[in-house]
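Q: I have a loop in this model that I would like to understand properly, together with what surrounds it. Could you walk me through it slowly?
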Amino acid sequence: MKRLVFLILIVSVTHVFGQSKDSLNFYLSKANEFQLKGNYEKSLTMCNLALRIDSNNCKAYKMKGINLSSLNRTDEERALYQKAIKKSCNVVLNNLNLKSLYFNEGNNSEALNYLNKVIILKPDSGALYYERWSIKTIMKDSIGGMADLQKAKNLGFPSAIVMEKQLNQKDEVEQDDKD
């Protein structure tokens, strides 16, 4: 009798979880469909339904962030990315999203803070050092910026190599003008 009750319980739980997974996939599929059509409000609703089923679903967080961005709901977008990071969802992507939000608002020190978190996770990315050089240059930190440009170049990031050549040529022209 105990085995029969246990078996019924397992079948019931499996059925419920199976439905949840099917519902989750349905909501994510619909969210994607609405997003592709530019209907961000409906897509956002589908993402919220998906997150009710699985509050740790990284795909739902990513899609929800795109919807909020498209709807210019910056404060909600920022809170979403911070929540996703706490849940260990797409940590690199969400830190980069936060960096972009702060950078677009002109808050370069916060942008730099989130970019530094990504560099810790991806220390061999020349693109990240190049981006940090760009932010530091805007912040008038030329010494720190040049160190990042050199690091990006050493990691083989093509734009850093080109930029360093352009800066060297500019320095040569300025030196010639002084002579």
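Let's start with S88: is S88 buried or exposed, and what is its relative accessible area?

A: Happy to! S88 is exposed, with a relative accessible area of 56% (buried is under 20%, exposed over 50%, partly exposed in between, with a 1.4 Å probe and protein chains only). Please keep in mind that this is a predicted model, in which local features need pLDDT of at least 70 and side-chain atom pairs pLDDT 80 or more, while totals for chains, interfaces and linings use all residues. Residues are numbered from 1 along each chain as written, and side-chain values use heavy atoms, without hydrogens and water.

S88 sits in the loop between α4 (74-86) and α5 (helices are DSSP runs of H or I of at least four residues, strands E runs of at least two, numbered from the N terminus). N90 belongs to the loop between α4 and α5 as well. N90 is partly exposed, at 31% relative accessible area. The backbone deserves a look here. Most residues other than glycine have a negative phi. S88, however, has a positive phi, near 60°, and N90, also not a glycine, has one of about 45°.

Following the chain onward, we reach helix α5 (residues 91-104), whose axis comes within 7 Å of that of helix α6 (residues 108-121), crossing at roughly 160°. Axes are lines fitted to C-alpha atoms over the stretch in contact, with angles from 0 to 180 degrees between N-to-C directions. The two helices are therefore roughly antiparallel (over 145 degrees; under 35 is roughly parallel, 65 to 115 roughly perpendicular, the rest oblique). The crossing of α5 over α6 is left-handed, meaning the near helix is turned anticlockwise from the far one by less than a right angle. On the α5 side the contact (heavy atoms within 4.5 Å) is made by V91, V92, N95, L96, L98, K99, Y102 and F103, and α6 supplies N108, E110, A111, Y114, L115, K117, V118 and L121. Sorted by class, that contact has eleven nonpolar, two polar and three charged residues.

C89 leads us to another loop. Leaving out residues up to four places away in sequence, N57 touches C89, along with L24, L28 and L51. N57 is placed in the loop between α2 (40-53) and α3 (58-70), and it counts as buried at 12% relative accessibility. The N57 side chain also reaches the backbone nitrogen of K59, at 3.1 Å.

The helices on either side of N57 pack together too. The axes of α2 and α3 are 9 Å apart and the angle is about 150°, which makes α2 roughly antiparallel to α3. Their crossing is left-handed. From α2, the residues in contact are Y40, S43, L44, C47, N48, A50 and L51, and from α3 they are A60, Y61, M63, K64, N67, L68 and S70. Nine of these residues are nonpolar, four polar and one charged. L51 thus appears in the contact with α3 and also touches N57.

To recap the loop you asked about: S88 is exposed, N90 is partly exposed, and C89 is one of the residues that N57 touches.

Key. Nonpolar A, V, L, I, M, F, W, Y, C, P; charged D, E, K, R; others polar. Polar contact = N/O pair within 3.5 Å; in protein donor to acceptor, adjacent residues only side chain to side chain.
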